[in-house]
Amino acid sequence: MEINGMTRTCGLIGNPVGHTMSPFLHDRLAGKTNENLVYVPLLVQTGQLKEAVAGAYALNFLGCNVTIPYKTDVLSFLKEIDPLAERIGAVNTLVRIEGGWKGYNTDMPGLYRAMRRDGVVIEGEQVVILGAGGVARAVAMMLAEKGAKRIWILNRTTEKAQAIAGEINRLFDQRPAEALALQDYAALKKEGSFLAIQATNVGMYPDTEKAVIEDADFYSMIHTGYDLIFNPRRTRFMELVNLSGGRAFDGLRMLLYQGVIAFELWTGKDIDDRAADEIYEQMCLL
Ligand code: NAP
């Protein structure tokens, strides 16, 4: 697509933004849908978020993504917030509306769409979440909403896992969530087998040799492991899941679909799974 007087701009607000795959992804999405759109990294310095968000609106940007460290701070500078993003407490997508931005969270719908595409079922499932950070909290919410039977949240700092479990149990009648200290996974043994979602930073580049739990006993309980990390593509956690005979997936498809959903919100166009798969194959080669 040639840049001309009708080209619309989107961008990624964050710090750092130099490593992002989003320009590649949105360039491909624009190409597939014939949208006259460019997507650029927007490095925003500490203390400049308010000006950046207002400036992007004033400059007639079509939309923005927001990444670390601004996903929560940006809530203060929006005209409207989608209820899901409000519940999660984090916004990663800004959509232009009359007089300002409306904030959405496409990470969780993105993870859900990615899991469906990978053939991973949530409904009626027993799930272990490793981690209790911002993303783990949102994942727990999404799992409860999508009908997971029970959810165990395991974290190094047990209080954070307890806080999330308490919140989930207040919101959902069946009280599906329980918290455990990371090292107490043996308590799960009597419960059968699990889908495990790896939502800690452990194993991320450059510490690729590590997994948050190393013990094969834990992995013998896991039929499917879903790591939210996408760099490296094959994490130590995934290796350990496979070694115990389970299926393992990484976070690249989640990254793809959070972008696909943002693009759909900005342009009003639907991206079907075939188009998404083609872009996914290209992202795998990066
Ligand atoms: P966060 O809020 O900083 O939380 C980090 C979590 O990792 C906490 O539970 C923390 O435990 C745990 N942790 C960190 N170092 C640890 C260690 N050495 N041992 C045990 N636990 C440790 O991070 P976040 O924003 O939730 O992100 C979590 C992950 O999601 C990251 O790996 C990120 O790459 C991934 N992610 C993927 C996508 C995607 O599109 N695929 C999108 C967003 C995020 P404590 O609470 O004890 O500190």
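In this predicted model, Val128 sits across from Trp152 of β8. That pair belongs to a parallel match-up between β7 (residues 126–130) and β8 (residues 150–155), which runs over five bridges. Zooming out, β7 and β8 are part of an open sheet of six strands, ordered β9-β8-β7-β10-β11-β12 and paired in parallel. The ends of that order are β9 (177–181) and β12 (247–249); each has a single partner strand, so one side of each goes without a neighbour in the sheet. As for twist, neighbouring strands are turned by 20° against each other on average, ignoring direction. Helix α6 (residues 158–171) packs on this sheet, where it touches β8 and β9, and its direction makes about 175° with that of β9.

Now for the ligand. Its surroundings amount to 21 residues, with Val135, Asn155, Arg156, Thr157 and Lys160 the closest. Sorted by class, this shell comes out as eleven nonpolar, eight polar and two charged residues. Helices α5 (134–145) and α9 (252–267) each chip in at least two residues of the shell.

On the polar side, Asn155 uses its side chain: an N or O atom there lies 2.8 Å from an oxygen atom of the ligand. Two backbone contacts also turn up. A polar backbone atom of Thr200 is 3.1 Å from a ligand oxygen, and one of Gly133 is 3.5 Å from a ligand oxygen. As for burial, the ligand taken alone exposes 930 Å², and the protein buries 75% of that.

Definitions and conventions: Residues are numbered from 1 along each chain as its sequence is written. This is a predicted model: local features need pLDDT of at least 70, side-chain atom pairs count only at pLDDT 80 or more; totals for chains, interfaces and linings use all residues. Side-chain values use heavy atoms; hydrogens and water are left out. Two strands pair if DSSP finds at least two bridges between them. Helices (H or I, at least four residues) and strands (E, at least two) are DSSP runs, numbered from the N terminus. Axes are lines fitted to C-alpha atoms, for helices over the stretch in contact, and angles run from 0 to 180 degrees between N-to-C directions. Contact means heavy atoms within 4.5 Å. A residue is near a molecule or strand if one of its heavy atoms lies within 4 Å of it. A polar contact is a pair of N or O atoms within 3.5 Å; within protein, one must be able to donate a hydrogen and the other to accept it, and residues adjacent in sequence count only if both atoms are side-chain atoms. Accessible areas come from the Shrake-Rupley method with a 1.4 Å probe; for residues, only the protein chains shown count as cover. Ala, Val, Leu, Ile, Met, Phe, Trp, Tyr, Cys and Pro count as nonpolar, Asp, Glu, Lys and Arg as charged, and the others, Gly among them, as polar.
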